[in-house]
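User: I should like a close look at one part of this structure, followed by an account of its surroundings. Please be exact about the criteria used.

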Amino acid sequence: MGASSTRGAMAFLALVLAVVVLVILAITFRGLWFVALPLALIALVLAVRSGAGAPRGASLVVGYLALLLALVALTGSLLAAAADLSIDRGYDVYEGSELSDQPAPR
Amino acid sequence: MSRGVAIRLGIVVAWFVVLGIVAAIVMTRSDPETYADIEEHFKYGSIGAEGRSGVPASLWLALPEVFPDLLPEGRGEGYERVGLLYEEGKTRPIGTSFRETEVGMVGLNCAVCHVGTLRASKDARRQIILGMPANQFNLQAYLNFLRNAGGDERFNADTLIPAIKKVDPDFSRVDEVLYRQYVIPRTKAALQQLRDDFKWMDVRPAEGPGRVDTFNPYKVIVGISTGDTIGTSDLPSIWNQRPREGMHLHWDGNNDSVAERNISAAIGAGASADSLDHEALKRVRDWILDLKAPRYPRERIDADLARRGAGIYAESCASCHSFKGSRVGKVTPIDEIGTDRHRLDSFTQELVDKQGEGTGNLPKFSHFRKTNGYANQPLDGVWLRAPYLHNGSVPTLADLLKPPRERPDVFYRGIDIYDWERVGFISRGTTAKRDGFRFDTSERGNGNGGHTYGTNLSARDKRALIEYMKTL
């Protein structure tokens, strides 16, 4: 396999990873940010590295598309992580509250 | 590095630079809704209280729609049920403000505790009076509504977003994503924190409308125990602040700076050292320096009787309660005044020390001190400041001039129909019982003893004194 086809495969893999991350974010957003974030980073690295040499034609288009989607995916993952971490774990809506069983004050 | 990689790295860097700039703009955004007219500013302007205790605006509007059962029973709809006042054509009640931050937030301002209402009779038009104690507003009920909503299983995006769309036609698809993914879970967490922070309130007698425990919330903020102290006291009027400069302010006279007292009150409304809007607060401060109390209706005053009462007032009351009195604005020791001491004991030296440190994202205060009694207050507009004594335990002036054992043990407060005979608000009878809050003086902190000055006057002199006090 030549260097050019390796870069093409890299770009395609980056594109697939970025799409996977975007799907994860669309479904769970805060729920799986810890999976989405590393995948988005890998997608971005692959998308950048796929630009080595002088890719042309479909490889070039796929490479830039992957780069764009990886950036969007990484940004979304960072936002998801920031949102999740800024919510006090002790009172996280997804984990229930230690006070939820107490009678309501009136 | 090949040219292709360099270009891609350039794109990545540019992306994050732009993203950083956008994030900085969004996260530092703080644009309050502003009002040129000072009265509008007082009623609806922001003093920065959205920072610590604001609720996202669209969510705040929708909460009464989703949780009507968590509001107190009574007249009105939505937030009217906790005593908030709506004016014609306004979407938010008096005492609430709006500030655009990452999302638009609703907070409270000075007017929530210092705008009251009056009706001359049961069927009369309700008058809104600025600077008057908020006799109808039940802050505890408002807080409990938010606390209970935050802990309710219906507090989730699937239930709240349809309700938000009903009450807020500007709620966009982007807002929906933001609210679903971040705002609603974050607010739920914050309200559950609020529920925890105010747990001390659940084991104390109910405050009822027109009253607040001022300093126990402070103790939570600075991280000291509330113990079993009760600081519940009446909301004060805020007229004529200029002549009050230098007097010992608050019921126990624990601060002698009007400016610092104002900042402290803004903290009570929900601001923090970081969020406090000093310019907005200064506008209010400047305005209330010379804001006058409304006059008692002239046609309802017996001028001759009032003239006679002026002499009795000068002899029996003026030294402590006239603006020029020798003891006005000074603290009368608790052993002498004899009124309920819970409010006095709730403000502790430990809290004074913490306030001086500026812990808990509070400003550093330097004028607070621990006192040993209650401050002698000027009586401007006293006719609108009922119920009386620091804890609002005596419904009318006529009752206040009775010996403590003859004052009502139980009465109803929170009614804005005026009692022109006893001078105060209607506090007994069918209407009061139906619409009012039952105030029991036997509960801790609600004692109606003490302040026996004038109780030994003849019935005729008492009538004359009350007639004169209407004119203050």
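How many bridges join β5(B) to strand β6 (residues 127-130) of chain B?

Analyst: Four bridges join β5(B) to β6(B), and the two strands run antiparallel. The model is predicted, so to speak of local features requires pLDDT of at least 70 and side-chain atom pairs count only at pLDDT 80 or more, whereas totals for chains, interfaces and linings use all residues. Residues are numbered from 1 along each chain as its sequence is written, while chains are lettered from A and ligands numbered from 1 in the order in which they are written.

Within this pairing (two strands pair if DSSP finds at least two bridges between them), Thr117(B) has Ile128(B) of β6(B) as its bridge partner. Strand β5, residues 115-118 of chain B, is covered on both faces. Val115(B) and Thr117(B) are buried on one side, and Gly116(B) and Leu118(B) are buried on the other. A residue is buried here if 20 or more other C-beta atoms lie within 10 Å of its own, exposed if 12 or fewer, and partly exposed in between, with C-beta atoms placed from the backbone. Strands (E, at least two residues) and helices (H or I, at least four) are DSSP runs, numbered from the N terminus.

Chain B also holds an open sheet of four strands in the order β1-β3-β4-β2, with antiparallel pairing. Its edges are β1 (31-32) and β2 (55-56), each with a single partner strand, so one side of each lacks a neighbour in the sheet. Two bridges link β2(B) to β4(B), residues 104-108, in the antiparallel sense; there Pro56(B) stands opposite Met105(B).

The helices offer two further views. Helix α1(B), residues 3-27, is hardly covered, with two buried residues among its 25. Its end C-alpha atoms are 36 Å apart, which agrees with the 36 Å expected for 25 residues at 1.5 Å a residue (the rule multiplies 1.5 Å by one less than the number of residues). In α16(B), residues 349-357, the buried residues are Leu351(B), Lys354(B) and Gln355(B). They cover an arc of only 100 degrees around the axis, which puts them on the same side of α16(B); the arc is that of the directions from the helix axis to the C-beta atoms. On the other side, Gln349(B) and Glu357(B) are exposed. The cover over the buried residues of α16(B) includes α9(B), residues 216-222. Gly358(B), just after α16(B), takes a positive phi of about 75 degrees.

As for the setting, chain B has 19 helices and 14 strands, and 49% of its 472 residues count as buried. The largest nonpolar core, a set of buried Ala, Val, Leu, Ile, Met, Phe, Trp, Tyr and Cys residues joined through C-beta atoms within 7 Å, has 103 residues. Ile47(B), Leu59(B), Ala266(B) and Ala269(B) have the most contacts inside it, contact meaning C-beta atoms, placed from the backbone, within 7 Å. Leaving aside residues up to four places away in sequence, Ala266(B) touches Ile47(B), Ala49(B), Ala271(B), Leu276(B) and Leu281(B). A second, separate core of 27 residues includes Ala11(A), Leu44(A), Ala47(A) and Ala73(A). Chain A has three helices and zero strands, and 39% of its 106 residues count as buried.

Notes: Two residues are in contact if their C-beta atoms, placed from the backbone, lie within 7 Å.
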